Structure formats: structure tokens, C-alpha cells
Amino acid sequence: MKIAVIGTGYVGLVTATCFAESGNDVSAMDSSAHKIETLEAGRLPIYEPGLNELVQRNRREGRLSFTTSLERATEAAQLIFIAVGTPQGSDGGADLRNLWSLADSLADCLNEPKTLVIKSTVPVGTNRRLAERLAANARHPVRVASNPEFLKEGAAVEDFMKPDRVVAGVREPEVADLLREVYAPFLRTERPYLVMSPESAEMTKYAANAMLATKISFINEIANLCEAFAADVRRGIGHDARIGFQFLFPGAGFGGSCFPKDVRALVHMSRQLDIPLHLIEAVDQVNEAQKSVLARKIHNHYGSELGEKTLAVWGLSFKPRTDDIREAPALVLIDALLAAGVAVRVHDPEALGNVRALYGDRLVYCDRPYGALEGADGLAIVTEWQEFRNPDFEVMRRLMRQAVVFDGRNLYEPKTMESHGFIYHAIGRTTARSGVPKTSAEQ
């Protein structure tokens, strides 16, 4: 099948490459000449494990090409996937200017009846509005489907190749059949292909992300309470099949390009209809507060001497296996440390360049994790990269001025850290020996 993918960000580039890998002829288009030049030079504008190898192979074999020309990309395409950015607007809702601009350009250049597929995350009702806009302006009939993505950065290729489900929001049965055909190679293990209305497909994306974000904020809030009581409930509740362990990891809060933006967009949609989403609003509020937990622990530990200290930070991306720092909790911590006058040394396997572009010479950038520890009075871990899980604690102690670790992802066991001579602060765990605190009534 001949396919066009508009937009070469995380979603668009993965979509284009994986469709090419399954034998389709794919043209990926982007209005950014710099992005296209980078891709044609054999480099990726993003970091995503396993993607570069697939891009290079499919380019060599002629199934994947890149262009800045919308007309060239769509001329022969049977399906046109839209994967343009829909960032958060100033009012909290999704900013659809990229989508509407593309719609107007498509109306001018489409040379025959086409099928468009919205891959971008868009508010409920966008499919219908796009279809109406094209019906009024395009020279040829255009059918519009919704096909939300459920890709995790850091595992996007595997998620696309082995999806939990494929959701197709359509109004015409023949469009559902066309999408089923292109996705057939990825559904051979009997994963479900779910056909529904475009409105249901649009809401499914938001509801899924809101549910996952809710689990994270829930366990973070419970963990903060458990820490005060020297309690730990994760195992006790995670083995309940109705709850499970996925996304039930206490930490320093979630970030990235999806969860924060989509939660706020869902709240914005609800306010427009005067249907309040109190729970979802609280999810965002809890998460924003959780991003400051490590800074608060650090302030409490060093007190008035904090401004004289040097601290190392391991992990800058919002999650491991990506260089994406959008809404990253590490940035909140760095801002707080710099405001307090702390000298900050940072390390991340992939995100150093993106952080350097933000902070310039205000930080010390270290290519190796141990390099960041040299002369540090403490270490804060904000992203759970695999290489941080089993460090040489003796080497760490020799490099650091003070053996203090603030673990924002609970990578280590408190007893292990104590045995190596570290003062250890984690999330939802306590090293206090005073037992269960008294309640206000008992006091």
C-alpha cells in the first residue's frame, strides 16, 4: 500500500518506519527542512531505541522516503496519516493550529478522493470538524478516520509492532476495512482491532492516558502518607488482580509530551461543557506537587547550608530510553537547586544536549555517571535509567564528599544503602527509627 505520513516527530517517524518495515511504500513529510535534511543525512532528530536501524534499512530498500513537499508525499497515497503536533495551549487545551493549517494545505493540493487518518491526539469532535472543513474547501471528497496512537517513548517501535489493540474511529465500513488491511501484519497474534465512532476513538486516547496518570498520582500520594507512618503498601495492593503493579511505582512525578498535556486537555474539554472532572484535576495537581518532593527532601536535609553545597543529578529525561525532557521532573529539581545557590553536576545517557540547550553554562555536564559525583555533597536520582540500578557503591562513596542519596525512583533497598554507609532518602520509605508517629488526636 502507498502511505503518506505528515509529521516526523516521535509518533510520525515511528509510524512511517514501521509501516515501511511491513512492506508498504511510505513517504514521510515534514514542513521543517532541518528535520528532513537530518533524516536524509542518515541521522534521527530524536532518540528512540531500535528506530535508527529500521529507518536506515527501509531507506536503503526504497520503501521509506522523506520530503518537505506535501503534494509529492500525498499524490499517490491511499492513506494519509496525520501526525502533527498538538501541544498544550495557553488555556490548557490542545493547540490545533498545526492541524488546521495542514487541513487548508491539503484542501489545495489533493488531486483525487483521499482517506485521511488522524494519528495526532486531538480533542473529541476534531474528526468531525476536520471532515466538515475539508468538505467545504477540498476539490475532491475526503474521508477522515481517527486512529489514536498508544506508543510509549523508549518502547515505541515494539509497541507499534506488537500493539495491545488497534483502535479505528470511522464512519464508513470501507475505511475500517482499509485500516484493517494495513494493520494486519501487526495483529497476527490475535490482538483486537476495535472499530468505533471517531468520537469514541478520540476519547479513548484521553481516557487511557488519564487512567494511567491517575494510577501514578494515586500511588505517589499514598506513598507520601506511608512514609510518615513507616509503611509500604505497594506489594500489598499490587497483588490484587483488580489493581495490578503496572504504573504503581512511587516516584518524583510523571512528565513527557503526553500525560501532562492530555490530562489538562481533558479537563479543558470538561470545563467547556460545564461537566467538572474533579478527579482528573486532582491528578494533575498531585503530580505537579510531587515534582517538588525531592527538592523538599534536599532542603530539609541540608537546611541553611544548602547554598554552599554541590549536588549531582542522575537522569534528566522524563523517563528512561528517551532524550525527551518535556515536563521532566528533573527540570523542576534543577530549577529549585539553582535558585538556592547550589552547584549542580548532571548526567543522562541521552538528554544532556537538550538540557544544555536550556541551561547553558549554569550546570556542569558529565558524560559518565561517576563523573557527576566528583566532589558532590549528595546525589539526586530522578530518572530510572537501567545503568543506574547497580552502581559500585564503594566508588560512589570515594568520589562524593558526603554519602547522601535522594532516590526519586526507589532504585535501591534502604538496608543496602545503610550497609554501604549512605544516608538514603527515597519516596514513600522512611529510615526514621522513632516508630509510628502520633496522630494529632494522640498528641
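Which residue in E8 is the bridge partner of Val166? I went looking in the predicted model and found Tyr193.

**Strands E7 and E8.** I stayed with this pair for a moment. E7 covers residues 166-169, E8 covers residues 193-196, and the two run parallel, paired over 4 bridges. I then checked where the E7 side chains go: Val166 and Ala168 point one way, Val167 and Gly169 the other, and all of them are buried.

**Helix H9.** Next I wanted to know whether H9 keeps a helical rise from end to end. Its 32 residues, 198-229, should span 46 Å at 1.5 Å a residue, and I got 47 Å between the end C-alpha atoms, which agrees. Just after H9 I noted Ala230, whose phi is positive, about 55 degrees.

**H9 against H11.** H11 is residues 259-272, and I get an angle of about 115 degrees between it and H9, with the axes 9 Å apart. I logged the crossing as left-handed. On the H9 side I listed the contact residues, among them Met203, Tyr206, Leu212 and Ile216; on the H11 side they include Phe259, Val263, Leu266 and Met269. Sorting the residues of this contact, I count 11 nonpolar, 1 polar and 2 charged. Lys205 of H9 and Asp262 of H11 are in the list too, as is Asn209 of H9.

**Gln272.** Last stop: is this H11 residue buried or exposed? Gln272 has a relative accessible area of 59%, so I put it down as exposed, the cut-off being over 50%. I also took the distance to Val286, 14 residues apart along the chain: their C-alpha atoms are separated by 23 Å.

Note on methods: Residues numbered from 1 in each chain as written. Predicted model: local features only at pLDDT ≥ 70, side-chain atom pairs only at ≥ 80, totals over all residues. Heavy atoms only, no water. Expected span 1.5 Å × (residues − 1). Axes fitted to C-alpha atoms, helices over the stretch in contact; angles between N-to-C directions. Left-handed = near helix turned anticlockwise from the far one by under 90°. Contact = heavy atoms within 4.5 Å. Nonpolar A, V, L, I, M, F, W, Y, C, P; charged D, E, K, R; others polar. Buried < 20%, exposed > 50% of the residue type's maximum accessible area, 1.4 Å probe, protein only. Pairing = 2+ DSSP bridges.
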